[in-house]
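Here are some short exercises on reading a protein structure. Try each task yourself before you look at the solution, and keep the 3D view open as you go.

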Amino acid sequence: MDFSLTEQQKAIQQKARAFAQRELAPGAQERDMTEVFPMDILKKLGNEGLIGLQFPKAYGGQGLDYLSFILVVEELCKVDSAFGIAYAISSTFTTGINLFGSEAQKQHVMPRMFEGDALGCFALTEPDAGSDAGAAKTTAVLDGDTYVVNGKKRYITNSAVADYCMLIANTDLSRGSKGLSAFLVDLKETPGVSIGHIENKCGIRSAKVAEIIFEDARIPKDRMIGEEFNGFRYALTALNAGRLSVAAQGLGLAQGAFDICRDYMKERKQFGRPLYTNQYLAFKMADLQSEIEMARLLLYKGVWLQQNGADFSVAASKAKLICTNLAMKVTTECIQNMGGAGYMREQNIERMFRDAKITQIYEGTNEIQRLIISKPMFK
């Protein structure tokens with residue numbers, strides 16, 4: 001077993017870390033308050049060659065492995081997980097196009113996205129279809145050379161600023177989840193497509209999460225992704241990869257909060273000595289560091305399975321469950337360790353604490369992850 005990163009992976013990790021500190025850190029608190037997504041920073045990320053790492057060179061990607069991408073997600077989320085998850089969700093969209101899209105569809109979206117000029121989103125959830133994603137009722141009815149789409153998608157990350165969308169809609173309601181198909185939608189250029197309510201969220205506030213409303217929107221027939229009625233399978237495949245990136249978000253949040261707390265404990269003095277000399281606090285930090293390392297190994301194992309062509313669905317669920325629960329635990333404990341200072345915005349951990357909660361909910365709640373993990377245990 002080899003637990004070391006390659007020299008190339010280390011270089012990417014360091015590049016992403018430097019980028020996050022240089023470009024994301026200075027404005028993270030302000031973006032959290034103003035809820036503005038920084039498209040200019042996305043463009044800079046593209047200029048750095050840090051978008052599309054795991055995708056083919058033929059479409060402008062880097063042709064590297066999935067771990068290289070996960071390392072970038074982790075580093076971005078240590079500093080600003082709202083930006084990090086926007087980057088990751090855009091990759092979930094691209095994964096769907098790369099795996100199941102036509103050559104024309106790939107050429108249409110991927111080069112522009114990898115340059116940092118566009119974002120993608122993944123539209124599955126509806127007002128009455130959350131964990132029960134197969135219950136989606138947005139319809140796509142064939143009319144000549146176009147599909148007429150009607151319905152509403154809800155809680156769609158990036159949607160308010162995205163250029164492209166992987167839409168999951170029902171082309172035959174009588175078939176239930178087996179009637180779902182996938183479509184590539186140009187959100188800003190398709191008549192009948194509009195952005196509805198933009199969510200006022202507890203955390204990841206600068207990531208734009210909103211409704212997408214389809215009212216007799218006409219999607220060209222050649223924008224169907226893959227084959228009709230395979231939309232649910234395509235969605236689950238993309239979500240499995242997406243769960244690894246949400247796990248990386250959780251891991252980044254945990255590590256970022258831990259680092260801030262550790263540095264504070266070295267500098268802050270009480271009773272004439274630094275906080276870290278209090279054995280109770282030091283032991284708590286030792287436990288947290290150990291759990292972060294365990295979570296990282298679980299995540300990297302899932303990534304290893306994914307990039308070696310093995311079934312990684314359960315491993316992705318385990319990584320998502322453990323890393324996101326850990327994000328909530330570490331941010332909570334680090335605020336407590338820092339006392340009143342940890343509760344204040346200036347230290348950033350309160351923002352990380354708010355950001356951490358959603359990681360236990362989206363890309364499949366952690367209750368759903370336990371369902372996925374437990375099913376094969378009893379076969």
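## Exercise 1: A salt bridge with E126

At a relative accessibility of 8%, E126 counts as buried. Keep in mind that this is a predicted model.

**Task.** Find which residue forms a salt bridge with E126, and decide whether that partner is buried or exposed.

**Solution.**
- Step 1: Look for the partner. E126 forms a salt bridge with K153, and the closest N and O atoms are 2.8 Å apart.
- Step 2: Place both residues. E126 sits in the loop between β1 (120–123) and β2 (139–143), while K153 belongs to strand β3 (residues 146–157). With their positions 27 residues apart, the pair links distant parts of the chain.
- Step 3: Judge the partner. The cut-off for buried is under 20% relative accessible area. K153 has a relative accessibility of 0%, so K153 counts as buried.

## Exercise 2: Two more salt bridges

**Task.** For the salt bridges E23 with R22 and E293 with R296, work out which residue of each pair is buried and which is partly exposed.

**Solution.**
- Step 1: Start with the general idea. Side chains of opposite charge can pair when their charged atoms come close.
- Step 2: Take the pair of E23 and R22, whose closest N and O atoms are 3.2 Å apart. E23 is at 19% relative accessibility and therefore counts as buried. R22 is at 44%, so R22 counts as partly exposed.
- Step 3: Take the pair of E293 and R296, with closest N and O atoms 3.5 Å apart. Both residues lie in helix α8 (residues 279–307), three residues apart, which is about one turn of the helix.
- Step 4: Compare their accessible areas with the cut-offs. E293 is partly exposed at 39%, and R296 is buried at 14%.
- Step 5: Look for shared partners. R22, E23, K44 and E48 are joined into one network by salt bridges that share partners. Over the whole structure, a search finds 24 salt bridges.

## Exercise 3: The neighbours of β3

**Task.** Describe how β3 pairs with β2 and with β7.

**Solution.**
- Step 1: Begin with β2. This strand runs antiparallel to β3, and five bridges join the two. As one example to find on screen, V141 has V148 in β3 as its bridge partner.
- Step 2: Inspect the connection. β2 and β3 form a hairpin with two residues between them, and G144 in the turn has a positive phi of about 70°.
- Step 3: Move on to strand β7 (residues 209–220). β7 pairs with β3 in the antiparallel sense over nine bridges. Here, G151 stands opposite F214 in β7.

## Exercise 4: Aromatic rings

**Task.** Say how many aromatic pairs the whole structure holds, then classify the pairs F100 with Y234 and Y147 with F183.

**Solution.**
- Step 1: Count. The search of the whole structure finds seven aromatic pairs.
- Step 2: Classify F100 and Y234. Their centres are 4.1 Å apart and their planes differ by 20°, so the pair is stacked, the cut-off being under 30 degrees. The pair links helix α5 (residues 81–100) to helix α7 (residues 231–267), 134 residues apart, and both F100 and Y234 are buried.
- Step 3: Classify Y147 and F183. At 5.0 Å centre to centre and 65° between the planes, this pair is edge-to-face. Y147 is in strand β3 and F183 in strand β5 (residues 180–186), 36 residues apart. Both Y147 and F183 are buried.
- Step 4: Look for a cluster. Ring pairs link Y66, F69 and Y87.

Definitions and conventions:
Residues are numbered from 1 along each chain as its sequence is written. This is a predicted model: local features need pLDDT of at least 70, side-chain atom pairs count only at pLDDT 80 or more; totals for chains, interfaces and linings use all residues. Side-chain values use heavy atoms; hydrogens and water are left out. A salt bridge is a side-chain nitrogen of Lys or Arg within 4 Å of a carboxyl oxygen of Asp or Glu. Buried means under 20% relative accessible area, exposed over 50%, partly exposed in between (1.4 Å probe, protein chains only). Helices (H or I, at least four residues) and strands (E, at least two) are DSSP runs, numbered from the N terminus. Two strands pair if DSSP finds at least two bridges between them. Rings of Phe, Tyr and Trp (its six-membered ring) pair if their centres lie within 6.5 Å; planes under 30 degrees apart count as stacked, over 60 as edge-to-face and the rest as tilted.
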